[in-house]
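Subject: Structure handover and notes

Dear colleague,

Please find the structure we spoke about below, followed by my notes on what turned up in it. I would be glad if you could read them with the structure open beside you.

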Amino acid sequence: MGSAGLSRLHGLFAVYKPPGLKWKHLRDTVELQLLKGLNARKPPAPKQRVRFLLGPMEGSEEKELTLTATSVPSFINHPLDHVTREKLDRILAVIQGSHQKALVMYSNLDLKTQEAYEMAVRGLIRPMNKSPMLITGIRCLYFAPPEFLLEVQCMHETQKELRKLVHEIGLELKTTAVCTQVRRTRDGFFTLDSALLRTQWDLTNIQDAIRAATPQVAAELEKSLSPGLDTKQLPSPGWSWDSQGPSSTLGLERGAGQ
């Protein structure tokens, strides 16, 4: 979504809201259709600019060089010329580093101790209290401007914070970015292979899934309760292994500068 195209849309218009339709749904639908229309437009042809290029002088037998005024495309306003994989990777590394520092801060641990170091190596550091979204890992899996795919490992995430993350990445790239799809591929130690389909949400399949996961649950608890680890860092008895769980992996498909 290009900011240049959106900036031209200034004005007021009226939309009929059918009875029973929530305003938020109406607003989101209109916004989605508006963005689809903008993204479907072909980008304007680049403007031309005059540039003096060095070349051989016409009619010169000694092959003298001279500067010739030439009209060339200007890509100064092109939304993708400056977006590269290297820049994106650097930004992701900075984001991950800042979130790792925040994770240590919210965990109230002194990493100078051997116990805390072992917990960090094993990935067992957890926030002691309520915290914002914390990213433990982020990397680019696919890069083909204007599209790129990110894998994000995080805790305490919300849709609002994920959208904000996409927006901030776009700003750091000196462009705009919008999230087109989010897919959760892991929640704790559960993966897509162990997820029940909607047609399997019945007593028999749920019982089978519980039995299949029991050995892995026991192994994870035994690993977490191994001697030498701070039990305060472990999930409480009422812990729910959902999006607030120890680790979630999300696949974010994003578009930048389009």
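Which residue in S6 does Arg-186 stand opposite? The residue is Thr-191, and I come back to the two strands further down.

First, the basis of these notes: this is a predicted model, in which local features need pLDDT of at least 70 and side-chain atom pairs count only at pLDDT 80 or more, while totals for chains, interfaces and linings use all residues. Residues are numbered from 1 along each chain as its sequence is written, and side-chain values use heavy atoms, with hydrogens and water left out.

On the hairpin, S5 (residues 177-187) and S6 (residues 190-191) pair in the antiparallel sense over two bridges, where pairing requires that DSSP finds at least two bridges between two strands. Two residues lie between S5 and S6 in this hairpin, and Gly-188 in the turn has a positive phi of about 65°. Here and below, strands (E, at least two residues) and helices (H or I, at least four) are DSSP runs, numbered from the N terminus.

Turning to charged pairs, there are six salt bridges, each defined as a side-chain nitrogen of Lys or Arg within 4 Å of a carboxyl oxygen of Asp or Glu. For exposure I use relative accessible area, with buried meaning under 20%, exposed over 50% and partly exposed in between (1.4 Å probe, protein chains only).

One of the salt bridges joins Arg-184 to Glu-157, with the closest N and O atoms 2.9 Å apart. This pair links distant parts of the chain, since Arg-184 is in strand S5 whereas Glu-157 sits in the loop between strand S4 (147-155) and helix H5 (159-172), 27 residues apart. Arg-184 is partly exposed, at 32% relative accessible area, but Glu-157 is buried, at 4%.

Another salt bridge connects Asp-208 and Arg-211 at 3.0 Å, N to O; because these two are three residues apart in helix H6 (residues 203-224), about one helical turn separates Asp-208 from Arg-211. Asp-208 is partly exposed at 39%, while Arg-211 is exposed at 54%.

A network of salt bridges links Lys-24, Arg-27 and Asp-28, and within it the side chains of Arg-27 and Asp-28 meet at 3.4 Å, N to O. Arg-27 is partly exposed, at 39% relative accessibility, and so is Asp-28, at 30%.

As for the interior, a nonpolar core is taken as a set of buried Ala, Val, Leu, Ile, Met, Phe, Trp, Tyr and Cys residues joined through side-chain atoms within 4.5 Å. The largest such core has 17 residues, and those with the most contacts inside it include Leu-88, Leu-92, Ile-135 and Leu-165. Helix H3 (85-107), strand S3 (134-144), S4 and H5 are the elements that give two or more residues to this core. A second, separate core of eight residues includes Leu-103, Ala-116, Ile-125 and Leu-134.

Finally, on the surface, Val-50, Phe-52, Leu-54, Leu-65 and Leu-67 form a nonpolar patch with about 580 Å² of accessible area together. Such a patch joins nonpolar side chains (Val, Leu, Ile, Met, Phe, Trp, Tyr) within 5 Å, from residues with over 30% relative accessible area and no salt bridge, and the areas come from the Shrake-Rupley method with a 1.4 Å probe, only the protein chains shown counting as cover for residues. Strands S1 (48-56) and S2 (65-73) each supply at least two residues of the patch, with the largest share, three residues, coming from S1. Leu-65, in strand S2, is exposed, with a relative accessible area of 57%.

With best wishes

Key
Patch = residues over 30% accessible without salt bridge, like charges linked within 9 Å, V, L, I, M, F, W, Y side chains within 5 Å.
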